[in-house]
Structures are given as structure tokens and as C-alpha cells.
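Visitor: I should like to look closely at one part of this protein and then see how that part sits within the rest. Please explain each technical term when it first appears.

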Amino acid sequence: MSRTRLMAAALIVAAAVAPASAGPPAGAAPAKPNVVVIMVDDMNLSALEYLPNVRSLLADQGTSFDNNVVSYSLCCPSRSTFLTGQYAHNHGVLGNAPPDGGFAKLRGEQTLPVWLRQAGYQTAHVGKYLNGYGTANPTQVPPGWGEWYGSVDPSTYSMWGYTVNENGRLHTYGSPAVEDPALYQTDVYAGKAIDYINRKAPAAQPFFLSFAPLAPHGERALDGVDLSKRNPRPAPRHRGDLDSVTVPKPPSYDEADVSDKPPAVRNRPRITPAAEQQIEARLKGRLESLLAVDDAVARIVSTLRTAGELENTAIVFTSDNGWMQGEHRIVAGKIVPYEESLRVPLIIRGPGFPAGKRVTTLAANVDLAPTILDVTDTPAGLTVDGRSLLPIANDPGSFARGIVIETGPKESGTWYAGLRTPRWTYVEHSGGARELYDLQLDPYQLNSVHNDPRYAATRRALADRLATLRTCSGDVCRQWTPVPGPQ
Ligand SMILES: [Ca+2]
Ligand SMILES: [Ca+2]
């Protein structure tokens, strides 16, 4: 028998056993929703106002978690929390680089894409993954990803000249110094995301797409160079669009009295005009780079709509950590236990998330995986520390909880562990410094009350809760006993 006739015979057999219709049988559960996670890098909450598509297509059509924090405000630990639903003290990725952290530190066999794939999802990742990815083996595809377009470090940190592992084959887009509009990182990634959606939408099988552009994170090669240059560089079409922005100056900007703060802040100089210029230059690069992300959001939503998948797709928009720009005299950076570093946007549009709703209930990045698992009816492969935000989106209530805020490892010499609750930020620093802010009375964290006798009972109670929660796992992380206010 010829090969063609063999195949024809096989097709006849397959047709005989296949059901007459591809649709679900009557009474079957509705198709599982697709999930698209858009995770930007180092975006602080205040940048949201510059992203009209994120606001109109995601926030207005979905649920905004306005009080959302990350537990460890640094790329690799935070992204590992997204992938596991665990605090850093459980997933063990305690930094961006070996030996404490980095790509190699995460146990990839137990992560969200693995669980979703086991539950019948098609999966894909586009863009930045865990720090250090590709340095040891640039063609490696981490477990769980059916399609893989991961940027290889350190080229990840360049808007041009980045190398992408495309399902095992390396492709470099342009070169760092040539600003070819067609090869701008965010746009190229968006093209891959859209192509994936278009290819996967017709299938009955749902998909999980992780989309992770570098913006608004700085480009490594530009750090410390000519301040007239944007860092990161925006797409050429957006350069200058936000040239008129000025540095926001909340009451915590260039904090005048830092006597309440630990030495790391107390020893910082006031912000000079030159430092303010640096902050402003960085701000323009950051915000203008985000405009391409905003365009990508519009393209992704439009593609889902055209494909008929928009109403059955949960779209998550968030950042791995926040960003300081002059608050408490910190000119640039993250990792610190202050609101601008801890708080990031979290918007979820999709089935079960009410349109235009704003939720002030405390949420955190440990909730991302539990929420996605809930939405997709998928079991976790390990003990998660967060909780699903799906019920909270529908019935926020005002339940109290304490989110662990932490850095590490303890061996590093400089670390902190603390709690962020709806009302309090309490921090225990290595070296003995303490901070306690009453966010209800002092939302800008101008006056740490850790030594104020009226707050002694509050501080004792928070220290007691932290002693349990700093090593918590699973249910223990979700338990909370109320803390007394000032006496
Ligand atoms: Ca980051
Ligand atoms: Ca102060």
C-alpha cells in the first residue's frame, strides 16, 4: 500500500471513532477560559495614568486591585512568586543572581505553566523570564512551556540587539546601537503574542500566554551614561510624547526629616537639582517606553476580540515590582519596604471579574498563581501561600490579612522581614533597625512610630505575627489575628 493510501485509511478509521461534532456535549461545563498575563518590569503604580489603553480596555472593563503589593520587590524573587504562588522564603529564589537567586535557583518542574499544561492548557511565554535565563544554556526551554520565546540574558536588557530563544533556536533582533523601528523589543514581542493568539484561538483547547516586556526597566548598557538619552529607550514613534512630564513630588519626596528612618535612608543626602534632573530623565524614558506596552495591550485585546475569544479570556496586567523616584531621598531603585517599591498595578479583566470595579482589599503577588488556578480550575502542584482574588473581586469585604515583605538571604548581611497589612507596615531590619508606619494616618510613611509608646502594643503584636509568618507556608500564611491600634 502506498503511503498516501495508508494515510487515507488511517483517516477513515479516525473519522469512524471521532464524535460527529467537535462542540462540547449538551450539559458540559463551559470551555475553560484562556489566560493572558502581561507582566511589565519595575512599573510603579503612578505610571498607570499615562496608559490610556490599559485604563480603558482593562481597568474600565475589569477589576482593579488598587492596594496590591509584591512581597519581595525585586525581579527574580517576584517572578518566581508569580510562577509558584509561594513567598520567596518557600520558593527559595532570594535574589537575582547565584548563589542566592536567579533562574537556576527555581525548581521549574513545579510551576504554573506545568500545572496548566497538565490541566489541558496550551502554554507560551514571550519575553523576559527569570534573571540569568540563558546564560548557562541559551537554548533551554524551561518546563511547562509549549511555545517559548524567552529573551536570553544579558541581552534581555536592551531594547534593540536582544536575543530570543525561539523554541530552541536563537534569533537576535538588530543591534543595540541601531534604533530600527521595526525591531523595537516591545513591538516584536507583541507581534509574537498576537501570532500565538491567532494560531491558538481556533482550537478547543484553552491557552495560557505570558507576555513580559522589559519596559519600563532601564537598559543595562545605558545606566549612568548621557542623561539626555532616554533610559530605557522608547519606541521611536513615542520619543518625546511625554517630554513635558515633571517629577511627581508627593510629601515623601526628598523627605526632610529622616530621623525616624534606618541608617540606609538617614545617611542619604537631600535631592539636589542634578539628582532631580536624573530622576526626570529616567521618568521620561520609563513612561515613553510604556506607551509601546500600552499599544501592545490594545493589539492583544483587539486580536482576542477578532478571534472571538475576548469574553472567555482572563487578562492580567501587573508588574514584578515598583520603583522609587525620589521618595524618602531614594533617587532610583526598589527592594525597599516603602509603598512606591512594594505597590504595583494589578488589573484583571475576564470572566468573573466585574467591569470597572475598584477593590481596595489588600492583594499581593502571592495571589496571582492561586487566582489563575482558580479561574482555570487547575490544581496546584505544591503548597501555595496566597489566595484566589476571584471571590474578593466579587465580594471584597474588608478582611484583614498580613502580607510578608521580605528580602534575603539572611547570610547576605543586609536584609529585612516585615508585614504589610491594610493599616500597617512593620519592618525588622538586619542590624536591628525597626520601622512601623500607620498607613491610615501616615500614608506617605513620613513618621515611623516604632519608638512611640502609644504604639507599643501594636508593635509587639506585629512582631509576634511576623515571627510566625516570616517562615509560614500554606494555610498559616493566610491566617491573621487583628492587631491593636494606638493606645
Ligand atoms: Ca523588576
Ligand atoms: Ca520622617
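Visitor: At what angle do helix α6 (residues 185-200) and α8 pack, and how far apart are their axes?

Guide: A word on the model comes first. This is a predicted model, in which local features need pLDDT of at least 70 and side-chain atom pairs count only at pLDDT 80 or more, while totals for chains, interfaces and linings use all residues. Residues are numbered from 1 along each chain as its sequence is written, and chains are lettered from A and ligands numbered from 1 in the order in which they are written.

Helix α6 (residues 185-200) and α8 pack at an angle of about 10°, and their axes are 10 Å apart. Helices (H or I, at least four residues) and strands (E, at least two) are DSSP runs, numbered from the N terminus. Axes are lines fitted to C-alpha atoms, for helices over the stretch in contact, and angles run from 0 to 180 degrees between N-to-C directions. The two helices α6 and α8 are therefore roughly parallel to each other (under 35 degrees counts as roughly parallel, over 145 as roughly antiparallel, 65 to 115 as roughly perpendicular, and the rest as oblique). On the side of α6, the contact is made by T186, D187, A190, A193, I194, I197 and N198. On the side of α8, A292, V293, A296, R299, I300, T303 and L304 take part. Two residues are in contact if their C-beta atoms, placed from the backbone, lie within 7 Å.

This helix pair leads to the interior of the protein. The largest nonpolar core has 123 residues, and those with the most contacts inside it are I38, A193, L209, F211, V297 and L419. A193 is thus named both here and in the contact between α6 and α8. Helix α8 (residues 273-306) supplies the largest share of this core, 12 residues. The core also draws at least three residues from each of domain 1 (34-403) and domain 2 (406-478). A nonpolar core is a set of buried Ala, Val, Leu, Ile, Met, Phe, Trp, Tyr and Cys residues joined through C-beta atoms within 7 Å. A residue is buried if 20 or more other C-beta atoms lie within 10 Å of its own, exposed if 12 or fewer, and partly exposed in between.

Next come the strands. An open sheet of 10 strands follows the order β7-β6-β5-β4-β8-β1-β9-β10-β2-β11, with mixed pairing. Its edge strands are β7 (169-173) and β11 (357-359), each of which pairs on one side only. Two strands pair if DSSP finds at least two bridges between them. Within the sheet, strand β4 (residues 122-127) and strand β8 (residues 207-212) pair in the parallel sense over 6 bridges, and H125 stands opposite S210 in β8.

The loop between β8 and α7 (263-266) holds P216, and P232 is found there as well. The peptide bond from A215 to P216 is cis, with omega near 0°, and the bond from N231 to P232 is also cis, with omega near 0°. Most peptide bonds are trans, and most residues other than glycine have a negative phi. D377 is not a glycine, yet its phi is positive, about 55°. D377 lies in the loop between α10 and α11 (390-394) and counts as exposed because it has 10 C-beta neighbours inside 10 Å.

Another helix shows what enclosure looks like. In helix α3 (residues 75-84), 10 of the 10 residues are buried, so this helix is largely enclosed by the rest of the structure. What covers these buried residues includes β1 (34-40), α4 (88-91), α5 (112-118) and α10 (368-375). Just after α3, G85 takes a positive phi of about 75°.

Helix α4 returns at the boundary between the domains. The domain assignment gives domain 1 (34-403) and domain 2 (406-478), with bounds that come from an automatic or database domain assignment. The C-alpha centres of the two domains lie 25 Å apart, and the contact takes 30 residues from domain 1 and 30 residues from domain 2. On the side of domain 1 that touches domain 2, α4 and α9 (339-342) each supply at least two residues, and the largest share, 3 residues, comes from α4.
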